[in-house]
Amino acid sequence: MKFSVLSHTQGRIRFVSDFPFGSEGAEELADKLDLIPGIEGVRINPRTRSVLLLYMDKQSLQEAKSVIARYMRTLASKSLAIPQGQSVISDVAFWPMVRFFTRPLMPFPASLGMFLHSSWGIFSGGFKKLFSGKLTVEVLDLSAIAASLLMRDFKTASTLVLLLGFGEKLEEWTRRKTMTNLTRSLAMNIDTVWIVKDGHELEVPLSSVTKEDLLKVRAGSAIPVDGKVIGGSATVNQASMTGESIGVLRTEGSTVYAGTVVEDGELLIQPTAVGQGTRLNKIIQFIENSEKVKANVESKAMKIADKVVPYSFLLSGLVWLFTRNLQRAAAVLMVDYSCALKMSTPVAFMSSMREGASHKILIKGGRYIEELAQVDTVVFDKTGTLTESHPKVSEVIPLGTWDRDTVLRNAACLEEHFPHPVAKAIVRAAADEELHHEEEHAEVKYVVGHGICTELNGEKVLIGSRHYIEEDEGVDCSGAEEIIESIASKGHTVLYLSRNGKLEGLIGIEDPIRKESVEVIEELRNLGIQNIVMLTGDGPRTAKNVAARLDIKEYYCQVLPEGKAQIIERMVKSGRKVLMVGDGINDSPALTAANVGVSLSEAADLAREVAAVVLLENNLKHLPLAIKLGKRTLSRIHQNFRASVGLNTAFLAGGLAGVLPAAVGAVLHNVTTVGVTLNAARAYLPNLSEEERTSEVS
C-alpha cells in the first residue's frame, strides 16, 4: 500500500495510490495537507486515487510527503483490521466467491472481460519468465490455463484463474495483516502539537515541526518527536519503546522518544529528530522490512517449487506422446507440487512472526524462526540476563584518601553516562544516599567490557574490572586481596576505582538472580535443550556461586567481549545450534556470532539492534515460548509438505489413469494449495491466556 509519483514539475506534483481511499478518506487527507504552510493547492480524486499538490518550496513538499506516509499507515490499520468474529476465510474469499457465483449470469463479453482482467497478472508473469529462459511456477500456471483454453474448456480455465487468485490474495492478506499487527501498537496518529514561540503557545501541524521549535507536551499526551528535555519534569511511559510498564522520570537534559507518553507533569522538548527520522519510525520501517529475511527452508521451498516444473512439462509431454490424449496431458499440468510449497511456507513464517508479536516476542525474520526450531545450546550472559536487570550496591570500601561517600559519588559521576545495569545500580545508590555531584570530569571514555577512563579535576580516574585496572592500567590491587576475597565469597561482583594509578576504593555489586531464571532453564531442558551455558566477566568465585544456584554445569568466567564471541564461534563451528541471550553493549559480538541472538527490551540499544529476537516484556519466561513457536512452525511446514506431496501424487495418478478429468484435477490441486495455506495461517500457540502462558513456563 503506497503512493507513487505520477508526474512532477516545479511547484506541482501528482501522486497516485495503489489502494482505494474513498471520498471520506480523500476529504480527511485534503484537510491534513491544507494545514501545511507552503501548500497552495490540494486536489484529490478518489476515483482515480490521485492527489495533486501545488507547493511553494522543497520543505513544504517534504512535509506533505510525511503527512501522506502517516495517512497511509493509518489507512492500512483501518482497512486491515478484522471485526471481531470475522474469519480469515470470509475476509479473503468474499470477492472470489462473488465472481464465482455471478460470472455464469453475465453476458459473454462481460464474462470474457472479467476473465482477461483476472488472468492478466498470470499471463504477464508467465510470459516474462518464459522469455527470460526460465521454467518456473509462473510458466506452469500459464501453460495450464492455456491448455484449457486450447481444449475450449473455458470453465476449467476460469476456475484455475479464480483459485490462483484466491491463493495469492490469501498470502497477501496474511502478509499485510502481519505487518499491520506488528506496527499498529507503534504507529502514532498525531496531527497537531503545541509549540512555544515568543512566549506564546501555538497549536501547529506536526508535519510543520522542525528541530528549531520548542514543543510543550502535557500529561496524557504522546511525545511526537525524538528530543532533549530543556525544561520541566514528568513521568514518561516508555512501554512502546522499551517494554517497561513503569514510567521513568525525565527532567532537564534527559532524552525522550517519539511514541512514548507523558503520564504526569509536563515537558519542554527540543527536537533532535522529527518525522521519518525518529527512532519510532525507524523501528516501524525495520519491522516492515523484516519479512525479507527469508528462512533457509523457505528459500529451499521456492527453489524446489521451480525445480519441479520442468519435470511436470516432461511428464505431460510423455503422456501426450504415448497416449495422444490431450486431456490426460493437460491433467498433468493441472496438478503439480509447486504451488502449495511456494505459497504455504512464507505464509507459515509470516503467521508465526505475527503470533510471536502477540506474545511479546519480536522475531526479525523467517530465517530466525527456523533457527529457533533447531537450537540445541542456549548461552546466557550473567549480568542483567540471568540476574536481575536492577543489581544493587552491596558495599562501598574506601582504600585511599577518598572517604566512602566520595568513592560512591565519583563512581556515580562516571557511570551515569552508560546504560549497563551495573552502572545504573551505582547511580541509583548514590541518588538514594543524596550524594549529588557536578559534571567536573573530562570526556568519559568507555572501554567495552573493561571499564571507564576519564580525568577528574586534572587526575586520571578509572573504574572497572580487576583485569582492566590491574593488568591493563598497572594499578596494584594486591594490598586489598583480603577485602576482595571477602566480597567475592558472597557471590558479589567487585568493581575497582583508582586515581592516578592508586586504588581508591572497591564497590560490591549484589546481582540478584531473576526469579524466573531457574524455571526457564528447567523448561528449556524439558524442550530437549540440555546444553545450558553461562558467560560472565566476573571472577571464578562469583561465577561458580551463580552457576551452582542455577544448576548450570558449563560456565566461563572472566570473559572479555571478544572472548564471548570466540566461545560462541567455537560452539557453532563444532556443529552446535547456538542461541545467545545478552543485554549489554559487550554482548553484541556474541549475539552476532550465534545462530540466534536474543535480547531483552531493556537491553542496550546496540544489543537490541543486532539481536534476531527481542523479548518485549524484559522477562526470560518468553524464551522457551519463542523456541516452542519455532519448533511448531517448522513442524507445520513439514506437515504441509507431506500433505501436499501425498494428495497431489494421488491426483496426478488419477489424471494419468483417466479417472480424474483435467478440470477436477485442477480444482482438487488448488483446493489442496488453499487448504495447506490456511493450515499454515492457523495459530501455533492456540488458546494461551496470559495466565496459561506464565504457568506453561513456571
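In this predicted model, K544, A548 and R549 are exposed on one side of helix α19, whereas the other side of α19 has a quite separate set of residues. The buried residues of this helix, which spans residues 540–550, are T542, A543, V546, A547 and L550. These buried residues lie on the same side of α19, because they cover an arc of only 125° around the axis. An α-helix has 3.6 residues a turn, so residues three or four places apart point the same way.

The charged side chains can be followed next, beginning with those that pair. The count of salt bridges comes to 17, and one of them is formed by the side chains of R466 and E481, at 2.8 Å from N to O. Because R466 lies in helix α16 (residues 466–472) and E481 in helix α17 (residues 481–488), the pair ties together parts that are 15 residues apart in sequence. R466 is partly exposed at 23% relative accessibility, and E481 is likewise partly exposed, with a relative accessible area of 35%.

The side chains of E504 and R499 also meet in a salt bridge, at 3.0 Å from N to O, and here both E504 and R499 are buried. Elsewhere, E201, K216, R218 and E266 are joined into one network by salt bridges that share partners.

Charge also gathers on the surface, where E24, E27, E28, D31 and D34 form a patch of negative charge. Within this group, D31 has its place in helix α1, which covers residues 22–34, and D31 is partly exposed, with a relative accessible area of 45%.

How values were computed:
Residues numbered from 1 in each chain as written. Predicted model: local features only at pLDDT ≥ 70, side-chain atom pairs only at ≥ 80, totals over all residues. Heavy atoms only, no water. Patch = residues over 30% accessible without salt bridge, like charges linked within 9 Å, V, L, I, M, F, W, Y side chains within 5 Å. Areas by Shrake-Rupley, 256 points an atom, 1.4 Å probe, with all protein chains shown as cover. Salt bridge = Lys/Arg side-chain N within 4 Å of Asp/Glu carboxyl O. Lys, Arg positive; Asp, Glu negative; His and termini not counted. Charge placed at Lys NZ, Arg CZ, Asp CG, Glu CD. Helix = DSSP H or I, 4+ residues; strand = E, 2+ residues; numbered from the N terminus. Buried < 20%, exposed > 50% of the residue type's maximum accessible area, 1.4 Å probe, protein only. Arc of directions from axis to C-beta.
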